[in-house]
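User: I would like to learn how to read burial, contacts and ring pairs in a protein model. Could you take me through them one at a time?

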Amino acid sequence: MTQPASISASLVDLTALIVVGSSTNPSGAGVEDFFGGKFRDDPTYTGIDHDDIIRVNFWDGPAGIRAALEANPPGPGEKNAVLASGWGAANASLLLLRNDPELSDTLFVLDNDVARPDGGFGTRYPWFALIGVNPNPTPSQTPASWVVNTGYEYDYNSNAPGYVLNPFSAVNALAAYLTTRLNQADLDLPVNADGTPSV
């Protein structure tokens, strides 16, 4: 005979690390390795076997991220994490703009966000919205449990030059972008896996 409590208890951990693709890496493969795999290796998101990783294709946009969150609802005391970079972070930012209270159990880690207020490529140069770059700044007040938004000094994605026609700034920003964009796995992010500051 089975107890009713055992019937209703979930046998599957539905929380997940949701990895979002970017314009230069649409599948998002490898993004889970960012910051030394801090979020990939945390069983809170990826389970004991570290295999609860859901990839959202860049072209699926905010709707794809939302669908991944709906397919992996966290249980009581649990939460999901969304890890996105570049234009993918701007897609996650669009989801945060909706101010959806159901995101309260989700940590967002937006790496090199092109929608960073006053510095992101999309917010600094809003005319690029014509080719699909999100021009809306990532909100500072969201219902998410935590939002970690990283920017890199001089990098075109998250810290674009204020003077578009300055060739020195342009070359410096391009060099910073090319140096940073493939090295996120080696960077130390000064936050704990739950999004709280570690310093």
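**Reading a predicted model**

Analyst: Let us start from one residue: Phe-34 is found in helix 2 (residues 34-37), where helices (H or I, at least four residues) and strands (E, at least two) are DSSP runs numbered from the N terminus. This is a predicted model, in which local features need pLDDT of at least 70 and side-chain atom pairs count only at pLDDT 80 or more, while totals for chains, interfaces and linings use all residues. Residues are numbered from 1 along each chain as its sequence is written, and side-chain values use heavy atoms, with hydrogens and water left out.

User: Is Phe-34 buried or exposed, and which residues does Phe-34 touch?

Analyst: Buried means under 20% relative accessible area, exposed means over 50%, and partly exposed lies in between (1.4 Å probe, protein chains only). Phe-34 has a relative accessible area of 11%, so this residue is buried. Contact means heavy atoms within 4.5 Å; leaving aside residues up to four places away in sequence, Phe-34 touches Leu-83, Ser-85, Asp-111, Gln-184 and Ala-185. Phe-34 and Ala-84 are 50 residues apart in sequence, with 9.7 Å from C-alpha to C-alpha.

User: How many residues of helix 5 are buried, and what covers them?

Analyst: An α-helix has 3.6 residues a turn, so residues three or four places apart point the same way. Helix 5 (87-96) is mostly covered, with eight of its 10 residues buried, among them Gly-88, Asn-91 and Leu-95. The cover over these buried residues includes strand 1, helix 4, strand 3, strand 4 and strand 5 (146-149). In helix 4 (residues 61-71), the buried residues include Ile-65, Arg-66 and Leu-69, and their cover includes strand 2 (53-56) and helix 5.

User: How many aromatic pairs does the structure hold, and why is the pair of Phe-58 and Trp-59 edge-to-face?

Analyst: Rings of Phe, Tyr and Trp (its six-membered ring) pair if their centres lie within 6.5 Å; planes under 30 degrees apart count as stacked, over 60 as edge-to-face and the rest as tilted. The structure holds eight aromatic pairs. For Phe-58 and Trp-59, the ring centres are 4.8 Å apart and the planes stand at 70 degrees, so the pair is edge-to-face. Phe-58 is buried at 8% relative accessible area, whereas Trp-59 is exposed at 65%. The rings of Trp-127 and Phe-128, with centres 6.1 Å apart and planes at 35 degrees, form a tilted pair. Both residues are partly exposed, Trp-127 at 48% and Phe-128 at 27%, and ring pairs link them with Phe-121 and Tyr-125 into a cluster.
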